[in-house]
Each structure stands twice: as structure tokens, then as C-alpha cells.
Amino acid sequence: MPVKNILCVGAGYVGGPTMAVLADQCPDIQVKVVDLMDSKIKAWNSDNLPVFEPGLLEVVQRARGRNLFFEVITPEAIAQADMIFISVNTPTKEYGEGAGMASDLQYWESSTRTILAHARPGTIIVEKSTVPVKTAEAISRILNYNNQAKRFPVLSNPEFLAEGTAIRDLENPDRLLIGHELNPEGESAAKTLVDIYARWVPRDKLLVTNVWSSELSKLSANAFLAQRVSSINAMSAICEKTDADVGEISRAIGMDNRIGSRFLEAGVGFGGSCFRKDILNMVYICRSLGLDEVAHYWQQVVELNDYQTHRFFRQMVSTMFNTVAAKKIAMFGFAFKPDTNDTRDTPALKVALKLLEEKAHLVITDPKALGHAQQDMEGFPGVSFEPDPYQAAHNAHAIALMTHWKEYRELDWEKIYHSMLKPATVFDGRNWLNHKALFEIGFNVVPIGKKALLHY
Ligand code: NAD
Ligand code: UGA
């Protein structure tokens, strides 16, 4: 049966952009994105979208009101759908068994039960959220428990988009993964989803697997990417002790085709809503399976990341004569990466909290994430927020660059230098600025994995 109505439960960073692109590419399919949060739905229906992504507004504007609709979840919307994507949040569990490690599946399970109550038999359920391996089997058990009359095929279709490049990733993905249950209904459901994606994605990029491989591939991909970042960050620590340059190391090893050049940028540590969460979840799964050595291996990726962020903070304090108390420090960037307003698990928050503990005065600036930064820092004294980076740096002792926004390269650094207290130091947590030029202006420059340029 051709799919005419698609529903997506969860209007977040994944649900919104994913469905906007699907609606844009398939104008004959009605796509509804639903959420529990009225305020989020209102924002999706305005031009002030809850998610900042380059190109997203244009895609939404093309399809919204035509075949793309954002609504608060209702039984009718569920009953209408031929295919339902579940794209709710699956954060790290903060309570009970597995706290701090396992995925919290409460939102996922409650959305599954709502679907069960209202969906028509035969509706294809697509697991889009990142979930522990074997979750589709659990969805299927809930949906198909003791109810032969109302059966639902369940697919796993994990999302690989990265924030900041979501639209490009969705329009032109490296691959799409569709995992199905090993029965005729599962195969037929997978074919239906493949046919939808094949309208804009070449068929050789549509990988059909069993449902468990699909779920585990998603966790693996994030673990491998994060592992590369931790590996290069580990090298950066060695570089700082040996006068080697981590940028030169990245270039040298990245030119080996077997290694490849991407995800080799040393920095203050990876952030974002998923790397830490997905690795910790995998560690938890490994421990549950009795694979302690494997768990330990992946756990190190996260521990190295925490070490890297802490190392950056310690370097700041030691360079500033071992005290930052009462010193004004401007934090340039709070988003976990550029081109997003997302601050989930951002290293900037960790560094900010440590600096506040040391009684520094912080001024945070960010082109898109200042609203989220304010929420994250609510209740902490000694911090203020400033959209203008020039104002943020005025009378500051130091600048900590946490997010490599393009605009920071284009600033008048001479002007910034003259407005700051001396010695003025730039801690470049992303190796993003022209260090030589800054040094010549008069700044002390402390990068990651490279020799610091100090005037004393
Ligand atoms: P998000 O928090 O931005 O969005 C999730 C939305 O689901 C929220 O708006 C929430 O209100 C809604 N929701 C929760 N329970 C609901 C329910 N019962 N009914 C209706 N709505 C409900 O999360 P996200 O970043 O979009 O991530 C969603 C999933 O996708 C996660 O599993 C995540 O691991 C995965 N993922 C995220 C990214 C990313 O870049 N953010 C990329 C790939 C995969
Ligand atoms: C990541 C993956 O890249 C996506 O494929 C995946 O879908 C997504 O997680 C998810 O599951 O949520 P995302 O977190 O949005 O995407 O962004 P990345 O580009 O992967 O960057 C993650 C973090 O690593 C950022 O803080 C970034 O600054 C850091 N990073 C990345 C480095 O420090 N160095 C690098 O070389 C690359």
C-alpha cells in the first residue's frame, strides 16, 4: 500500500529537519510532525524555528502548509498515519539502575504506548531515535503483545545527520540504514521505506540490514567518530610536552588513505547530545553482556574527553599566574559546535563552571546559542551574557574560544586587543584563529597541542 500520510513523534533537532526534508522531497506525501510541547510546535510554525540549522528555514518555508504540518500530538493524527517515525529524546538515565550510563527510554516507551492506543493495524513504525540494540524488538513486543488483530511492523532507521550540516546530510546522505525484522512483513515494510528514500537518495546508499545490526551500527558510528576525536586529543597532550604540532600530525596521518583526514581536529573536547550518551550506553550494554574489557575500552574515549576539557581549564589558570579570581574572562562561543544553537553537553559549560568555581567573572558571547547558554547557566552568579563579542572582550584579561564560529575569524583583533587589560591572552580551544597574527598584535596565544606564543 502506498504511503500517503507520515507522522513523526518528536519535533526536535532530528524530527523537525528530517521530516522537513522528506516533505520537501515528496510533495505528494502528507507529513505531520507532532510533539507534547505546545511552545515548540508554535516555534516550528513561526519563522523563529526552535532549531538553528543553515538552510532549514528555507526548506520548512517551501513545504510548511503544503504537505508539512507541525501540531501538538493527538489521537487523530496517529490514527491517520500509514507510517510513524519515533524521534523522541533518549537521554542518559539520571536515576535508578544504570544512572549516568544507560539510555532513559521513558519517552520512547510512552510514545510507543500512545501509538499502540490509536494507530491503525498495519501502520509501519520506524525507530528513528538512537536506542540500545534490541530496542526495536522491545517496541515490537509492546505493539504486538497478545494482539493478533492489530499488528505493526517495526523498522530501525537511525539518523546520522550532524548538527550544523543537517540539511546537507539529509539531502545527500553518505548512506541510510534500514533494519527490519526477519519476516515477510518486516521485509515488505523495509521495501516501502526504501522506495520513499529512493526518490532522492541513490539506491546504492540505501542499506537494508537486520534490525539489530542497524541499531548497533548507529552506536558504533558515533563511538568510532568520538574515538577519533579522543585519539587526536590524546596526541595533542603529547605535542604540548614535546614541541610537536598537532595540526601537523593531523595532516600527516590524515593523508594516509587508510586513516583519512576527517575528525582529526584537536580541541577542547567533543560535545553534543549524542557522543557521550551513546558511548556510555554502549559501555552499559557491554557490561550487561559481561564484556567488561570492551566496556573499558570505550569508556576511555569519554574519560579522555573529560581529561582534555579539564586540561584546557588548568592551562588557562596556570597561564594566568595561577589565579583567575576577579578576572574578567570572555568566552567566545557556547554552542557545542558552530552553525547550531545546541548547547547540550557543550565543553563550554564545563569550562565555565570550573572558572566560576575559581571566582572568575565570565562574559559569554555566541551568535546563536546565547538563549540556551542563559538557561544552562541559570542560578550561577558571576556570569553575564553579551551578544557583541567586542563588548564581551572589553576590559577582559583573557578570551577563551570554545566554538569555532566563522565570524570569530573575521573580527578586528587589533581593536579587541586594545580594549583588553594586559597581558591579554587568547586561549584557542579550537585552534581556529591566526595565532601568529594575534601574537604580533600583542596577544599571548595558548592553542591546543601546539607551542604557546607568550611575550614573557
Ligand atoms: P530533542 O530533545 O531535540 O527532541 C525530542 C522531542 O521529542 C522533544 O521535543 C520532546 O518534547 C519530544 N517528545 C518526547 N516524548 C514525547 C512523546 N511521548 N510524544 C511526543 N513528543 C515527545 O532530541 P533530538 O536531538 O531530536 O534527538 C532525538 C533522537 O535522535 C535521540 O534518540 C538522539 O539520540 C537521536 N539523534 C540525534 C541527533 C542530533 O543531532 N541531535 C542526530 C542523530 C540521532
Ligand atoms: C554526531 C555525528 O557526527 C552524527 O553522525 C550523528 O548523527 C550525531 O552525532 C548524533 O547521533 O547525534 P554532532 O554531534 O551533531 O554529530 O556533530 P559532530 O560534527 O560529530 O561533532 C561532535 C563534537 O565533536 C563537536 O563538539 C565537535 O566540535 C567535536 N569534534 C568533531 C572535534 O572536536 N574534532 C573533530 O575533528 C570533529
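**Exercise 1. Find which secondary-structure elements line ligand 1, and describe the residues around it.**

Step 1. Start with the elements: β2 (30-35) and α5 (106-118) each supply at least two residues of the shell around ligand 1. The model is a predicted one.

Step 2. Look for the main contributor. α5 gives three residues, the largest share of the shell.

Step 3. Pick out the nearest residues. The shell holds 27 residues, and G10, G12, Y13, S129 and T130 come nearest to ligand 1.

Step 4. Sort the shell by class. Around ligand 1 there are 12 nonpolar, 11 polar and four charged residues.

**Exercise 2. Work out the strand order of the sheet that contains β4, and place the helices that pack on it.**

Step 1. Trace the order. Eight strands make an open sheet, β3-β2-β1-β4-β5-β6-β7-β8, with mixed pairing.

Step 2. Mark the edges. β3 and β8 (206-210) are the edge strands, and each pairs on one side only. Neighbouring strands in this sheet are turned by 25° against each other on average, direction ignored.

Step 3. Check one pair. β4 (residues 83-86) and β5 (residues 124-127) run parallel and are joined by four bridges. The bridge partner of M83 in β5 is I124.

Step 4. Add the helices. α5 lies across β1, β4 and β5, at about 165° to β4. Helix α8 (residues 184-197) also packs on the sheet, where it touches β5, β6 (154-156), β7 (176-180) and β8. The direction of α8 makes about 160° with that of β7.

**Exercise 3. Decide whether helix α1 is enclosed or open, and name what covers it.**

Step 1. Count the buried residues. In helix α1 (residues 15-25), 10 of the 11 residues are buried, so the helix is largely enclosed by the rest of the structure.

Step 2. List them. The buried residues of α1 are G15, G16, P17, T18, M19, A20, V21, L22, A23 and D24.

Step 3. Identify the cover. It includes β1 (5-9), β2, α2 (38-44), α3 (56-63), β3 (68-72) and α7 (166-171).

**Exercise 4. Describe the parallel sheet that contains β9, and explain what sets its edge strands apart.**

Step 1. Trace the order. Six strands, β11-β10-β9-β12-β13-β14, form an open sheet with parallel pairing.

Step 2. Consider the ends. β11 (383-385) and β14 (444-446) each have a single partner strand, so one side of each has no neighbour in the sheet. The average turn between neighbouring strands here is 20°, direction ignored.

Step 3. Check one pair. Five bridges join β9 (residues 328-332) to β10 (residues 361-365), and these strands run parallel. Opposite A330 stands V363 in β10.

Step 4. Add the helix. Helix α13 (residues 347-357) lies across β9, β10, β11 and β12 (398-401), running at about 160° to β10.

**Exercise 5. Establish whether L433 is buried or exposed, and follow its contacts to the largest nonpolar core.**

Step 1. Locate the residue. L433 sits in the loop between β13 (425-428) and α18 (435-441).

Step 2. Apply the cut-off. A residue with 20 or more other C-beta atoms within 10 Å is buried. L433 counts as buried because it has 21 C-beta neighbours inside 10 Å.

Step 3. List the contacts. Beyond its neighbours within four places in sequence, L433 is in contact with L401, Y408, R409, V426, D428 and L438.

Step 4. Follow L401. The largest nonpolar core has 72 residues, and L401 is among those with the most contacts inside it, along with I329, M331, I399 and A400. Apart from this core lies another, of 56 residues, including L68, M83, V131 and A190.

Notes:
Residues are numbered from 1 along each chain as its sequence is written. Chains are lettered from A and ligands numbered from 1 in the order in which they are written. This is a predicted model: local features need pLDDT of at least 70, side-chain atom pairs count only at pLDDT 80 or more; totals for chains, interfaces and linings use all residues. A residue is near a molecule or strand if its C-beta atom, placed from the backbone, lies within 6 Å of it. Ala, Val, Leu, Ile, Met, Phe, Trp, Tyr, Cys and Pro count as nonpolar, Asp, Glu, Lys and Arg as charged, and the others, Gly among them, as polar. A residue is buried if 20 or more other C-beta atoms lie within 10 Å of its own, exposed if 12 or fewer, and partly exposed in between; C-beta atoms are placed from the backbone. Two residues are in contact if their C-beta atoms, placed from the backbone, lie within 7 Å. A nonpolar core is a set of buried Ala, Val, Leu, Ile, Met, Phe, Trp, Tyr and Cys residues joined through C-beta atoms within 7 Å. Two strands pair if DSSP finds at least two bridges between them. Axes are lines fitted to C-alpha atoms, for helices over the stretch in contact, and angles run from 0 to 180 degrees between N-to-C directions.
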